[in-house]
Every structure is written in structure tokens, then in C-alpha cells.
Amino acid sequence: MSSVFDRTASAITGLLLVMLIALLLLGHGMPVYLVNLAGQVMCFVLLAMAVDLMWGSAGILSLGHGLFFAIGGYIAAMHLLRTAFAATHVLPDFIQFMGNGGFPGWWALFDSSLFTALAVLVVPALAAFVFGYVSFRSRVNGVYFSIITQALTYTAMLLMFRNDTGFGGNNGMTGFHAIAGLPAGGGDAGVLLASLATAAVLVCLIGGRTLLASRFGRLLAAIRDDEPRLRFLGYNTLWLKLVAWCLSASVAGVAGALYVPQVGIINPSLLDPALSLEVAVWVAVGGRGGLCGAVLGATLINLLRSWMAASAPLLWPFVLSLLVLLVVLALPNGLLDMRNRSRGWMHSLLPAVGRPRP
Amino acid sequence: MSGSAIAVAGLTVAFGNFVALNNLTFEACYGQVHGVIGPNGAGKTTLLDVLTGKSAPRQGSVHLDGTIDLGRMTEVQRALAGIGRKFQKPSVFEALTIAENLDLALRVHRNSLLREVLARRADKDAAIDRLLQTVGLADRRDTLAGVLSHGQKQWLEIGMVLVQDPKVLLLDEPVAGMSDEETAHTASLVQSLRSPDRSIIVVEHDMDFVEQVADTVTVLHEGATLFEGSMAAARADHRVIEVYIGR
Amino acid sequence: MRSFVRTWLAGGLVILLLLQGRAFAAPAASMSRTDVLAKLCAAGGQDVPSALRQMLDGAVDASAADRDWAKRVVQGFSTRSLRCADDGSAFLTGPGGAVNAATLAPGASPDGLRAPLPSLRTRALLEQLDAALTLFVAPAAADRLAAVHTLERRGDGLPPGLLRHALDAEHDAQIAAGLRGLIVAAGLHSPDIPERLAAIHALGRDPTSQVVTTLATLRADPGYAEPPGVAAALDQELTQARWWVRIGDGLSLAYNGVSAGSVLFLSSVGLAIIFGLMGVINLAQGELIMIGAYATFCVQQAMRSVAPSMLDWYPLVAIPVVFVVTALVGVAMELLVIRHLYRRPLMTLLATWAISLLLVNLVRVGFGTQNLEFQTPSYLTGGVRLVGDFLVTWNHMGAIAFALAAFAVTLALLRLTDIGLFIRTVTQNRAMAGCVGISTRRIDMAAFGFGAGLAGLAGLALSPIYNVNPTMGTGFIIDSFMVVVLGGVGSLFGTAVASLGIGLVNVGIEPFYGAVAAKVVALLLVILLIQRRPEGLIALKGRR
């Protein structure tokens, strides 16, 4: 296991720090779209890290992290709708449409920012716990697990599309008034959210890498290598996997909670299986394990997408699919592999003097 | 201490219509090395699978120390109760170093996963160093297990099982694919593992190896015991000869 | 459909009960041509209903010639080619000149003729009369059938005996059945109690939910059920009809479930084979289905331009074409991508997703995003009603038959051929199969091609019952995977049983709790089942 700060991790941490400081000091002078782009990309980076936390270490690929992302998002949206109502006294359309004359009683809980923050961490983890417990207990793994997570997200999407589920149905929730006292959609709120997202990425990167370098991280690696062996050594792998899985879900929840206020709306499209699948693609392209690849992949692909969305939107799916095929076939462990590849390539050019055995 | 370590009674295991073990009764005692031999398909590995909880028997009971019913325990609980197994195919954690492999195998807090995860590494280091000496890998402490040779992986795995200080040590074909030199090394390793508090069960094809290490042997044939006694007696037994040669 | 209208009519008649009095009050009059024409021509049009009534009542016993005449006059009157002269004579004008309306003899028509205008009020009567006459005089069965349908809407006030006369003269079974329905509907409200009872029993003989509604409405009407025996007859028929309808509903549910299961089987069998063989979930499976549907469309278009007369048979022509096209796509996928990812199933998952993205967008660029228009062949339209409301629709029957055929062919291929043996061998133990000299790579490629071809055929079978567009495939992969998980890896029977099971669960739940609930329940069932049987319903037995 590499140390917490190898060269790539240090470089990425440094860049993120620079970005955070730039946002905090100069953010108000920057163009709003740039701040928003940075903020949204950071949320996707966080989501990718959540997936990599499971996939890169324990080898368990979730194709359903959109679910936890959306749970975080919906919780944030509920808080924002409550605060908007407190300020304007206008009920959101879908609440009026439900015909109960107001918010369901339990929404009052989300008046509290503290409760909302807790819920963003805990509710996705709880959902992950229930699903993870039944799946891991019956030793569902590999491709099975991946596809069942996708089916779960798909089902959740169908559920949320219904109006009587109570979360705005097809149209979702929108009409946020203010974010932490700053007018929603304004530059100040954007800078705040982008800074928060960048800080969250930093915390997650450093915390995650510390965790992965610990014995817990080694146990996860052992699960990936040979789970039965670990069980015969007396480790109940169910709980190890569950802890990592719930932690990963919480991170995804935080990402969603920071993302939704930035885009100003949440609807069931976040639960589209295609999004969850794409997150795995970001990680695969960047390189699994150690979280750096997730940061790299999510950033590059999302920047490329937003650039192409303006210049050549029709070409984007082709670029994305060919990029994935290229990476999967040529760089088995993503762009991070390029480093090793190029090193190997240089070695093959040099005479075999002092070449270290792997 | 030389009482019954593992007592198997009336054990039947079937996969579909194939009966792998048929009403098998078997006992292994503390302080002894017990060899289990038999032709392919005799049920040797299945026996180990049942002991560790990998396969569930259709009938019969398995007891540890004559009192602890293993049938009700999960794989993990059995491992914690003192049953250690080395697999036929060397299974070590290839992405971890040798020291890290042993670090995971050494349980200092058997009753709490949380405390185990949080345990200080220093608490384990002395034991790990000692073990590295025993299995002869002391100079490769920080090598990734994935790059070890086949024999070295086998020793590492034996070390990982050993570091748990198991009451019952199950070795599934420990010398398969080893050179003569490595086999001799393994034989002396197994001899050195003998302890009055430990029962060692060796499943092996290599009769010479079994003769070197085992006190008693059990010959399995079609899921049932064919012969039990010393290796020398087994070599002389006509039924054993028939099973091995007559097929 | 026919009976639907028939019973709707019976229900509607109840409402018209009060208006009916005059129908039977009118005296049967013989058809006097001059009298009728005079009334039609009379100024103001007040006498027109009376004239029409006279023709309608007369039609029962009239001669063939009179009916023919009446028909021409009615048509002339409707199309305003009946012209009246001031002297009381009338003419029918047409492209071949005018004829005397009374004698139908050619004759010069004087000037200053007046064309009487049928009032809106008489339209209904006119339509009824025209249909009634058509029943007797039209040589084409289609015309008579149309007349029956018209009378199903406009049946009130038909003279007694007219329908029975028409039935006696009718040779066509379908039209006769329609006429019998009309007689029953009329009989229900007959003042003659035995006739009414007979109609009630006749209605009960072909029970549908519409019949139940009709009978229940009649039963609830105290005036109607008052005569002795009527209430008892209604009760008896109602009980029976409800029974049959319930049985029919059960059968419908089963039929729809089986048809949904067939579609699921078709879409997942290729996935199951590939997953069993290579441990690879092909996320582009849904897109192979989509490509199958598009290939079907291309075959249809090609036939439309090359052999329009044979267009009805395009699905048969498409079978080999679609199979080959999608199999080639599958083989290309395997050769270019999948085989390089051996033992990396999760990466294969992502790679096949990328391929699906690529295929969707290629088709989108090539064909556009709109739904394709398929011409459903005549032999796949409609259906036959068996019990209660249970309608066996031919397009769903086609899907079921297709799935059965695919099942049989796949089974035969796996069990009877060498390549099937190899596929089964590699599925069970890849390393050993390689050791005994089977080229596992070639088997992989062949199986991938075969699985892809089956997916294409699923697209073909789906084209008459699904919306065909570039993104149609995305809906299939999750359901198909459920089937594979439920059925167990590498078991064709497991796949079939699981498809039927999930199909039935979906269809059984959907009408009551909605499609979402059906999906949720299916997912929960699959997760629960994995708790008990991690290897699926039907797993390969053996030590793993």
C-alpha cells in the first residue's frame, strides 16, 4: 500500500488547495458560470470518490450511487423549500397539488440546518445499510451486486417519478429562495457552495487515503483479493464491507446535498441508471483505487462534457463511449496507468541496467 | 493434553445426487498429526470444507473439544474458535506485503472486530517477526505477496494460519507442486508445528510426505473410511492397495 | 368487438325504454309505392317519417322487388337525387339519366323538379331503414355486416320479425351471429315474457362483463323484473355470467402474463447464455434488441418497395436477416472488445455500456429519434374472444409462439449439436474445456453471436407491440438481468421459468397497484430469493 501522500496525491491535494483559496479570495470576482462549473464538477468528483472508495479498495462496484446522491439532494431540497416557505409563505406547487394544505408534518424537522446536515450523512448510510446488509449477507458480489444496485436505483427512479410519492414527482423540487441566507442562484451562494464542495473533496481525499492506508483499508484490499480467506481468518467481512459501503453512501449524500442547491432543482433524472453508470466510468477512466484517479477522471470528463455541450453536443456520446472503450482496452487501470505505462516504455528503451523488478 | 480435538460422527454430504461423504466417522486428537489420504473424489477436501463451514452437511455432527458443536457456527465463528485452514490453492492477499498479510492474520482481539481494526501495529510486530523467522521469509518482510513463488506463498499461508495459534490446523495438500527441497522444508515445518495443544490434519496425495509427518492416517474411499492406522500398516493393507492401484 | 357493441346496445336500450312505445304501436302496412312517394314529396316534410315507417314495416313481408325499390328510393332520398314534380310524379336522377321513381322505368323528367330535403330528425330513421333494407338486398357480405353494425346502434323500433326474416335469409356465419345478437337485444325488451326470458338466457350464453352490467341494470329495475320468472332468470344468468367473467379475467391475466414472460424470455435468453458462459453481463443487450427491431423495419421498407404484394409476410423474411445482422454485431463486439477483457467482468460491464451508448447514438443519427411505424401484418391483428372478456390477441400469441420456437431451437442447439455441447462444457468448467482441446475463444465468439442473434429476434417479435425508437433498449436490461439472477446461471429452463414468473408478477400487480409497484415487488422478490437461493431457482448442481 502506498503512503497517504504519494506524488500524485500531493499534487492533487495541492491543486485543490489552490483552487479552494482562489475561490475564497477571488471567487466574488470570477465569472459566475466558472464558479458554478467548478462547484458542480467538485460535487461529481465527490460522487466518484464515493464509488472508488468501494470499487478501488474492496473491488465492489456500485452502479447505483445515484440513489445516495439523490437522497442527499432531496434532503437538501426539502430544507431549502422549508426555508423558502418561511421567507415567502408561498407553498411549492406540488405541495399545493397534493391538497393537504401544507407541508407534511415531518418536514418541519428540516427547518433545522443541523438536522438537515445530519440527515444528509445518516439517511443515505441507512438506506445503504439496509440494502447492503441483505446483499452482503447473502454473499451477492461481483457483477450481480453491480447490477442489483442499478436495479435498485432504477426502481427508486420509477418511484420518485410518481406524484403521489410526495417529492414533486416528475417536476421535482425547485424554487429555492436562499442558501444559508444568500440569495439562491446568486454569485455569493455559488462561491459558498463551490468552496464547500472543494473543501469536502479535500477532506474526503485526505481522510479517505488515510483510511485506506490503515488496517481497515488493508482489510478492504484483502476482501478484494480473497474474501473467503479473510473469513477463514476469523473476520466477519459482512461488517467490514457494510462500514465501507455506508461511508461511501454518506459521501455520495454529501455530494448530492451540495449539488442540488447549485443547480437549483432536483428531479428523478438524478436516479437515472445511466448517471450512476457514468460515475463508474469516470472512476475507470481516471483509475481505480487511492481516490486520485476518481478526482482526475471525474474532473476531466465533466469539464470535457461541459465544453462539448456548448461546441458539439451531438458528438459527446460518441466521444464518451470511444473514450471509455479506449481506456478500458488500452489502460486497464485508467489514466493513472499512463504513468506506469510511460515509465515501462522508457525502461524498454533504456538498456536493462539496474531495472528494478516489479 | 491429548483428548479429542475434532470428532466427526455420521457425516453425510451430497451435491445433488453425488454423495461426497457417506456416513463418515472420524476423530483427530490433540498433540498428533493426522494424515488423510485417498484417491481423487474420495471426499478429502469436502471433509475440510465441512470442518471449516464452507459446505453444509446433510446429516451428522462435528464437535470441537468433544463439546463445542461446530454445526451451528458460521465460518467466521469456527475460525475464531480455533480452526485454521490452509487452502489447496495458495490463497494469500497478493496486493499486501508479507508483513501486512500476517498483520491481518494475527488476531489480538478475537471478540471485537472494531478493536482489532484499531489495534496498534506495534502490538503485533513482535509476533509477526517471530513468525517470519519460523516460515523462513524474514528477509522479505515488505515484499508484496503477489510476487512470491508458489512455495513461498504456501509457507506464507501456513504462517498466516499459524499466527492465529489454531487448536486445529487443517492443511490441504501443503506440498502440491513443490520441489523436493521445498517439500522437505515443509515437512520439517509441519513437524515443528506439533504442540500438545494442537491437532494437525494433513490432506495430501504425497504418501512419502504423509509418512514423514503423520502419526496416524485415515484412508478415505468414496466418502467413507477405508482404513485407519499407521502409514506403514496402510501401505500393507490390501484394500488400500486395491483402491490406489486397482483403478 | 361485435359482442361488445351488441351488449352495449342492450344496455343502451334500457335507457330508450320509454321512447319505445310507438315502435310496436304502428300497424303493419303494405308498401304502397305511390303513397310512399307522395308522402316523401309532400311539402314541409311532415309526412316523411310516416313514409319511412311504412317502408320499414313493409320490408318484413315485401317482395324482393319491393325491397329493392325501397332501397333505391331511400338512397335517392338520402342523397337528394329523388326529385318531385308538381303533378305528384317523382323521379330518381342519376348519371345515366332519370327514371320514374314509382316504376323505375326510364322516363324524361320534366323541368322544375324539387328535391325534398331529409330533416335532421329523420336522419336516424333513414339510416335505420337503409341498414334494414341492406340486410335483405345487398349482395356483398361486407355491406350487410356494416348494416348489422349500424343496427346495433340504431336498433330501437325495428318491426318485430324483420331481424328474424333477415336471419333466415342469411348465409354468412358472422353476419348471422350479429343478427342473433340484435334479436336478443330486441328480445330483452319484448313485451312478450317468454320471448324476454329467452333473450335473457340467450344473453347469458355468451357472458362478458358488459353482459353482467346489462343484466345487473335490468335486475335493478323493479319495473322490468316484475313479471313472474324474469327476476329468477336474471339472477340465474347473472350468477353464471359473473362466474364466467371471473374465469375469463383469470385467463386474461394468465395470458397477458405469459405473453409478457415470453417477451422477457426473448430479451433475456441471450443475456443468460452469455452470462453463464463468460460471466459477462452485456449491457448492450437491450441495444441489440433495438437493432433487431430496426433491421426488421429495414426489411419491411425493402419489401414495400420491391414486393409490395408480399408485404404481409415481411416478419418471416426478416427472421434470418435480423438474426444474421445482430449476430454479426455481437460477433464484432466480442472480437473487438469483450475478448480483450477476459476475467475483468466489471470492466466488461462498462465497456458494453459504452457500446450501448455508441449503438444508440449511431441509430439516432442514422434514423432519427421518432418511433418507427410498423405495418402489423393482417394475420397478427385482432384476436378471438374465448371466455368472458378473455380476448386472445394474435400479436401477443405471435410473441408467445416466437418465444416457444426460440426456446425449442436454443434447447435443441444446446443439447443436440456439437457447438451446444461445447458451450455447455465451457459454461461448466472453462479451464478444463480448454485443456481437452475446445477452443474456448471460438466458442465464446459463437455463443456471443448466437445470444446477440436471439436478442435481435426479440426485437423482431417486439416490433408489433412496442414503441421502436433508439432508446427502446434501455428498459430491457434491468428486467432481463432480474430474469438471469432469478433463473440461475447457465440454465435455459431457469431462464424460462423466471421470465414467466416475473412476467406474471408484473401483469398480476400492475392493474391493481401500478407499474411502479410491479417493478418494486419484482425487485424485492429477486432480492428475497437471493437470500434463500444465491445461485438462482435452477442452479447447476455441483461443488463450487
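Colleague: Which residues line the largest cavity?

Modeller: The lining is made up of Ala151(A), Tyr154(A), Thr155(A), Ile478(C), Asp479(C), Met482(C), Ile502(C), Asn506(C), Lys519(C) and Ala522(C). The elements giving two or more residues to this lining are H6 of chain A and H20, helix H21 (492-513) and H22 of chain C; helices (H or I, at least four residues) and strands (E, at least two) are DSSP runs, numbered from the N terminus.

Colleague: How should the numbering and the values be read?

Modeller: This is a predicted model, in which local features need pLDDT of at least 70 and side-chain atom pairs count only at pLDDT 80 or more, while totals for chains, interfaces and linings use all residues; side-chain values use heavy atoms, with hydrogens and water left out. Residues are numbered from 1 along each chain as its sequence is written, and chains are lettered from A and ligands numbered from 1 in the order in which they are written.

Colleague: Why is the one space called a cavity and the other a pocket?

Modeller: Both are sets of points on a 1 Å grid over the protein atoms alone: in a cavity a 1.4 Å probe fits but cannot get out, whereas a pocket is an open set with protein on both sides within 12 Å along at least five of seven lines, and lining residues have an atom within 4 Å of a point. By this rule there are 3 cavities of 30 Å³ or more. The largest cavity has a volume of about 60 Å³, a volume being the space filled by probe spheres set on points that are joined across faces, edges and corners.

Colleague: What space lies in the second largest pocket, and which residues are closest to its centre?

Modeller: The second largest pocket holds about 890 Å³ of space. It is lined by 37 residues, and Asp272(A), Ala274(A), Leu275(A), Glu278(A) and Trp353(C) are the closest to its centre. Its lining divides into 22 nonpolar, 10 polar and 5 charged residues. Here Ala, Val, Leu, Ile, Met, Phe, Trp, Tyr, Cys and Pro count as nonpolar, Asp, Glu, Lys and Arg as charged, and the others, Gly among them, as polar.

Colleague: How do you know how many residues of chain C are in contact with chain A?

Modeller: Contact means heavy atoms within 4.5 Å, and 38 residues of chain C are in contact with 42 residues of chain A. The two chains bury about 3,500 Å² between them, 83% of it on carbon and sulfur atoms. Buried area is the accessible area (1.4 Å probe) that two parts lose on being put together, summed over both. In chain C, Leu346(C), Leu350(C) and Trp353(C) lose the most area to chain A, together 18% of what that side buries.

Colleague: How many salt bridges does the rule find across the interface of chain C and chain A?

Modeller: The rule finds 0 salt bridges there, whereas the count between chain B and chain A is 5. Chain B and chain A bury about 2,400 Å² between them, 61% of it on carbon and sulfur atoms.

Colleague: What makes Arg215(A) and Asp103(B) a salt bridge?

Modeller: The term requires a side-chain nitrogen of Lys or Arg within 4 Å of a carboxyl oxygen of Asp or Glu. The closest N and O atoms of Arg215(A) and Asp103(B) are 2.8 Å apart, and the pair forms a salt bridge. Arg231(A) also forms one, with Glu75(B), the closest N and O atoms being 3.5 Å apart.

Colleague: Why does the pair Arg231(A) and Glu75(B) join two chains?

Modeller: Arg231(A) lies in helix H8 (residues 215-232) of chain A and Glu75(B) in helix H2 (residues 75-81) of chain B, so the pair joins two chains.
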